[in-house]
Amino acid sequence: MGFPLVFKFVCNGVPWSTLSIAMGAIKSFIKDCIELVSTLFITILSISLLLQSFVLSAKRQFGQLNNLFFYLNTMNMIRRIGKLSVLLLLLNMSAPAQKSYEPNWQSIDSRPVPAWFEDAKFGIFIHWGVFSVPAYSPTVRDKVGVYERYAEWYWNKLVNPSKTQQFFIDYHTRMYGKDAKYQDFASQFKAEMFNPDEWAERFKQAGAQYIVLTSKHHEGFTLWPSAQSWNWNAMDVGPHRDLCGDLTKSVKAKGLHMGFYYSLYEWFNPLYKSNLNQYVDNHMIPQMKDLVTRYQPDVLWTDGEWEKQSADWKSPQFLSWLYNESPVKNSIVVNDRWGKETRGKHGGFYTTEYDLVEDKNASETSINHPWEECRGMAGSFGYNRNEILEDYSTSKELIDILINKVARGGNLLLNIGPTADGRIPELMQQRLADMGAWLKINGEGIYATRKWSKAPAINNNSTVFYTTKGRDLYAIITKWQDSPIVIEGVAKPTAVSLLGYNGAVKSDFTKNKLRVTPPALSPSNNPSPYAWVIKLENAL
């Protein structure tokens, strides 16, 4: 069998993007090996010539006969040095080399996204800060767009002209008086009911694998004692606590990954407005490095990048430090929000927000790169007292969103907005509990899976989704059907089962098509009220 046939046989069904990466890695490995062997050969040759020169000199000094044994011992030493050098070469080849990442996008983008992120699938976003005190924005009922429903933008919307400014002015005047300043809310952000252990346990029970907390939003207020935000942080004013540190300790104790959201820009920072270079060098980058070295997060989720190019933010330089020198250089993941030109192009995983990439609808887009959808349970990320039950997604809708994203190769980062006193609103707790109960039964078809390359195209009307893990295929049904599910492009499975259901599942395999007949369920044996996962073992 010729090499092309062997290659085709071994790589059959593997996506070309994966093969391209693998071949590139193999070529790089071979090149490194050749360089190492060349260096080793030159080193051994140099040592041999040096020792032989020494022996010849000794022979001239003391006579050939008296130095015969010395000469033989020296030649034996040369052979031993050669063997030792070869052994060191083999050991060096077996150890993974630490690649150095240069401060440019070609080099930064060559770093793979750590595998734990794609395995995790489900994370929890937390928007919490001074904006949690007024806790207001208009909603979909006010017929405003997606980006106009964010309560965390309260300060900006209150003072800057926009089509929704009057909503904020009217609310602010009615609740606090026209002379009240946003800065005064900081002393009212007390977090007196905040229990980080309780939060972490709730996140774990929800089935989340990673947490991302707003360490600093666009208002510039930090949830840790940042030296760059003197008297505008949670230690100096308000809670008088290191909120980032407290939650990090509790989350990590539960075995979850901890991460931080960080806004590159600040709306009203005088230095940002007057001297961007000084802001970046003396405020932003030192602040991010402090956040990373102090808490060693697994996620750094940047935002507020859209006003400047990545070169202006010096993002490649910071990421070079993060990947080469930081204490989390091997485990940390980052997103794609590092400059106005970087979304969906540079950084780590790509991001969508309420199914948008900036203003473009990405709900049916195929993304062949690690990615993540972030969204709130309702219209806002920060807690919004103006939202009512009808503004919230149901548990069923949120589980369907998770399934959709995972089947398309992505993650879901679902947001909660705690109150200013440190409580997770009861409705949000209930949604998290429902998702956790579903994942406890069906998580096998979600965690550590990948999208199926042969799956039918996913659109807004899809009700059957597919994920893979090894040779197993999972068919996830979001709308129950009594009629058979027909699946093409698979082998005959060795077993077919419905996760959480103890009965048999009928199937037949003819003419390269698998027909799976969903079992008749009743309230007593139905494993889930939301969505169902059929496992096809060894079908790939």
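**Exercise 1. Confidence along the chain**

How many contacts beyond four places in sequence does the model have for residues 41–45, over which pLDDT stays under 50?

*Solution.* Begin by recalling that the structure is a predicted model, and then look at the confidence of the chain as a whole, which averages a pLDDT of 88, with 82% of the residues scoring at least 70. Next, turn to residues 1–31, where the pLDDT is below 50 and where the stretch has six contacts in the model beyond near neighbours in sequence. Finally, for residues 41–45, where pLDDT stays under 50, the model has two contacts beyond four places in sequence.

**Exercise 2. The chain as a whole**

Describe the chain by its secondary structure, its burial and the sequence separation of its contacts.

*Solution.* Counting the elements gives 15 helices and 18 strands. Turning to burial, 50% of the 540 residues count as buried, while the chain exposes about 26200 Å², of which carbon and sulfur atoms supply 55%. As for contacts between residues at least 6 apart in sequence, 71% of them join residues at least 24 apart.

**Exercise 3. A five-stranded sheet**

Work out which strands stand at the edges of the open sheet ordered 11-12-13-18-15, and which helix packs on the sheet.

*Solution.* Five strands make up this open sheet, and their pairing is antiparallel. Strand 11 (450–451) and strand 15 (495–498) are the edge strands, because each has a single partner strand, so that one side of each is left without a neighbour in the sheet. Helix 14 packs on the sheet and touches strand 11, strand 12 and strand 13, and its direction makes about 55° with that of strand 12. Looking inside the sheet, strand 12 (residues 464–469) pairs with strand 13 (residues 472–477) in the antiparallel sense over six bridges, and Val-464 stands opposite Ile-477 in strand 13.

**Exercise 4. Lys-216 and its surroundings**

Is Lys-216 buried or exposed, and which polar partners does its side chain have?

*Solution.* First locate the residue: Lys-216 belongs to strand 2 (residues 210–216). Because its relative accessibility is 0%, below the 20% cut-off, Lys-216 counts as buried. A polar atom of the Lys-216 side chain lies 3.0 Å from the backbone oxygen of Ser-263, and a polar contact of 3.4 Å joins the side chains of Lys-216 and Gln-287. Beyond neighbours within four places in sequence, the contacts of Lys-216 include Phe-221, Tyr-261, Glu-266, Tyr-279 and His-283.

**Exercise 5. Two residues in loops**

Locate Asn-384 and Tyr-447, and identify the backbone atom that lies by a polar atom of each side chain.

*Solution.* Asn-384 is in the loop between strand 9 (371–376) and helix 14 (395–407), and it counts as buried at 1% relative accessibility. A polar atom of its side chain lies 2.9 Å from the backbone nitrogen of Asn-386, and, leaving aside neighbours within four places in sequence, Asn-384 is in contact with residues including Tyr-136, Pro-138 and Arg-149.

Tyr-447 is in the loop between helix 15 (426–442) and strand 11. A polar atom of the Tyr-447 side chain lies 2.6 Å from the backbone oxygen of Gly-207. Among the contacts of Tyr-447 beyond four places in sequence are Asp-119, Lys-121, Gln-209 and Lys-469, while its C-alpha atom is separated by 9.7 Å from that of Thr-467, 20 residues apart along the chain.

**Exercise 6. A buried alanine**

What distance separates the C-alpha atoms of Ala-200 and Ala-253, which are 53 residues apart in sequence?

*Solution.* Ala-200 sits in helix 8 (residues 196–205) and counts as buried, at 0% relative accessibility. Not counting residues up to four places away in sequence, Ala-200 touches Ser-250, Val-251, Lys-254 and Leu-256. The C-alpha atoms of Ala-200 and Ala-253 are 8.5 Å apart.

**Exercise 7. Positive phi values**

Set Lys-143 beside Asp-355, giving phi and burial for each.

*Solution.* Lys-143, in the loop between strand 1 (122–126) and helix 6 (154–159), has a phi near 60°, a positive value in a residue other than glycine. Asp-355, in the loop between strand 6 (350–353) and strand 7 (356–357), has a phi near 65°, which is likewise positive. On burial, Lys-143 is exposed with a relative accessible area of 77%, whereas Asp-355 is buried with 16%.

Methods: Residues numbered from 1 in each chain as written. Predicted model: local features only at pLDDT ≥ 70, side-chain atom pairs only at ≥ 80, totals over all residues. Heavy atoms only, no water. Helix = DSSP H or I, 4+ residues; strand = E, 2+ residues; numbered from the N terminus. Buried < 20%, exposed > 50% of the residue type's maximum accessible area, 1.4 Å probe, protein only. Polar contact = N/O pair within 3.5 Å; in protein donor to acceptor, adjacent residues only side chain to side chain. Contact = heavy atoms within 4.5 Å. Areas by Shrake-Rupley, 256 points an atom, 1.4 Å probe, with all protein chains shown as cover. Pairing = 2+ DSSP bridges. Axes fitted to C-alpha atoms, helices over the stretch in contact; angles between N-to-C directions. pLDDT = per-residue confidence, 0-100.
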